[in-house]
Amino acid sequence: MPSPKARSSAARSGSVPCAGGNGRYEFVSLSRTPPPHLLQRQGSDPTAARLRASESPSRRRGSGSSTSSTGGQQLPEEDCMKLNPSFIGIALSSLLAIDLWLSKRLGVCACEDASWGSVRPLMKLVEISGHGIPWLAGAAYCLYKSDSAAGQEVMLNLLMALVLDLVLVGVMKAVVRRRRPAHNRMDMFATFSVDGYSFPSGHATRAAMCARFLLAHLVLAAPLRVLVLLWATFVGFSRVLLGRHHVTDVTFGFLMGYWQYNLVEMLWLSPVMLQSTIGQLQ
Ligand SMILES: CC(C)=CCC/C(C)=C/CC/C(C)=C/COP(=O)(O)O
C-alpha cells in the first residue's frame, strides 16, 4: 500500500501509478523520464509509455523480473509490494479497521465505569447461560434422567455436539490466535488456555448450534421457539457489549455454529450405536 509519504511525494511530482516489470504497480513521474522497461517496450516515446500504464494488469503480467526500476533506480521487490495494494488486501484491512472501531464503540459494558457498566452483571448472567459447563452438565443430567430411548438419543447427541464444539473452537482459536479486544477484562469463569484468544467466539458457536439443535429436536410452542432464537442472538451480542469479542468473532462464530449443527446431523449417533454404547458401559 502506498505510504502517505509516497502518496504526497507522488502528488507533488505529478507521478501516476503504473505497471512494474512483474505486472505490479509502481509510481512513475509523468514529468520525468519513464523507466527503462517502459521505454524498452515503447521505444523512446514517453507518451506511449504513459498509455501503456493504463493497460489492464492481466495484459502486463508475464513480463516480470524480481526487481523493478523507477527512474533508472533498482527497487527491491518488497518496496514495490508496499506500493502495490491488491483489492482484497485493501478490503480486508478496511473491514478489520471497521471491526476494531465498531467493537470498541459497542463494548459499552466492558467494565463497571463504561457507559452501560451498570448492566454488566446482567450481561455476565447471559454469558453464563451460554457457557460450556452449564450446557454439558445440563445435557448429561437430562441423559441420566431420561427414561425414553428417543430422549436418551437426543441428549447423547447434544453432549457429542457440545464436545465437538469445544474441540473445533479450541483448534480454530489456537490456529488463528487473534487477541481479544484491548478493552476486555479477562474475568470469565472456567476457561481453557485457548480462551485467551478471540476468534471465533465460543459462546456464539455454541448458541447458534444449540439453538438449531433445540429447534430441530424439541417440540416447542411458537413463543418458546422465538425465545430460543432471541437467547442465541443475545448471547452473541452480549459478547461484544462485554468487550470480550470483536464483531467479526461473533459473526463468524454464529456461522460456524450453524454449520456445526450440519456436522452433528451427519455424525448423528443412532439408537443401535446407543444400545451398544450403553451395553459397554454396563
Ligand atoms: C467438562 C469440561 C472440561 C468442560 C469445559 C467447559 C469449558 C471450560 C468451556 C469453555 C467455555 C468458554 C469460556 C468459552 C469461551 O467463549 P468465548 O465466547 O469467550 O470464546
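Visitor: Hi! How many disulfides does the count come to here?

Guide: Hello! This is a predicted model, and the count comes to zero disulfides.

Visitor: Then where is the nearest cysteine sulfur to Cys111?

Guide: That sulfur belongs to Cys109, and it is 9.6 Å away. A disulfide needs two cysteine sulfur atoms within 2.5 Å, so a pair at 9.6 Å is not counted.

Visitor: Is Cys111 buried or exposed?

Guide: Cys111 falls in between: its relative accessible area is 25%, so it is partly exposed.

Visitor: What about Cys210, which cysteine has the nearest sulfur there?

Guide: For Cys210 it is Cys142, with its sulfur 12 Å away, and Cys210 is in no disulfide either.

Visitor: And is Cys210 buried or exposed?

Guide: Cys210 counts as buried because its relative accessibility is 0%.

Visitor: Okay, on to the ligand. Which residues come nearest?

Guide: There are 18 residues around the ligand, and the ones that come nearest are Lys173, Arg180, Gly202, His203 and Arg239.

Visitor: Which side chains put a polar atom 2.9 Å from a ligand oxygen?

Guide: His203 has a polar side-chain atom 2.9 Å from an oxygen atom of the ligand, and His245 also places one at 2.9 Å from a ligand oxygen. Ser201 joins in as well, with a polar side-chain atom 3.0 Å from an oxygen atom of the ligand.

Visitor: How much of the ligand does the protein bury?

Guide: The protein buries 80% of the 560 Å² that the ligand exposes when taken alone.

Visitor: Which elements give two or more residues to that shell?

Guide: Those are α8 (132-145), α9 (149-176) and α10 (202-217). Of the elements, α10 gives the most, with three residues.

Visitor: What kinds of residues make up the shell around the ligand?

Guide: It is a mix: seven are nonpolar, six are polar and five are charged.

Visitor: Changing topic, where does UniProt place the phosphatase domain?

Guide: The unreviewed UniProt entry puts "Phosphatidic acid phosphatase type 2/haloperoxidase" at residues 154-265. In the model, that span is 70% helix and 0% strand, and its end C-alpha atoms lie 11 Å apart.

Visitor: One last one: which helix holds Met273?

Guide: Met273 lies in helix α13, which covers residues 271-281. With 42% relative accessibility, Met273 counts as partly exposed.

Visitor: And how far apart are the C-alpha atoms of Met273 and Glu153?

Guide: They are separated by 9.6 Å, while along the chain the two residues are 120 residues apart.

Technical notes: Residues are numbered from 1 along each chain as its sequence is written. Side-chain values use heavy atoms; hydrogens and water are left out. UniProt positions are given in the numbering used here, feature names are shortened, and annotations may be inferred rather than shown by experiment. Helices (H or I, at least four residues) and strands (E, at least two) are DSSP runs, numbered from the N terminus. Buried means under 20% relative accessible area, exposed over 50%, partly exposed in between (1.4 Å probe, protein chains only). A residue is near a molecule or strand if one of its heavy atoms lies within 4 Å of it. A polar contact is a pair of N or O atoms within 3.5 Å; within protein, one must be able to donate a hydrogen and the other to accept it, and residues adjacent in sequence count only if both atoms are side-chain atoms. Accessible areas come from the Shrake-Rupley method with a 1.4 Å probe; for residues, only the protein chains shown count as cover. Ala, Val, Leu, Ile, Met, Phe, Trp, Tyr, Cys and Pro count as nonpolar, Asp, Glu, Lys and Arg as charged, and the others, Gly among them, as polar.
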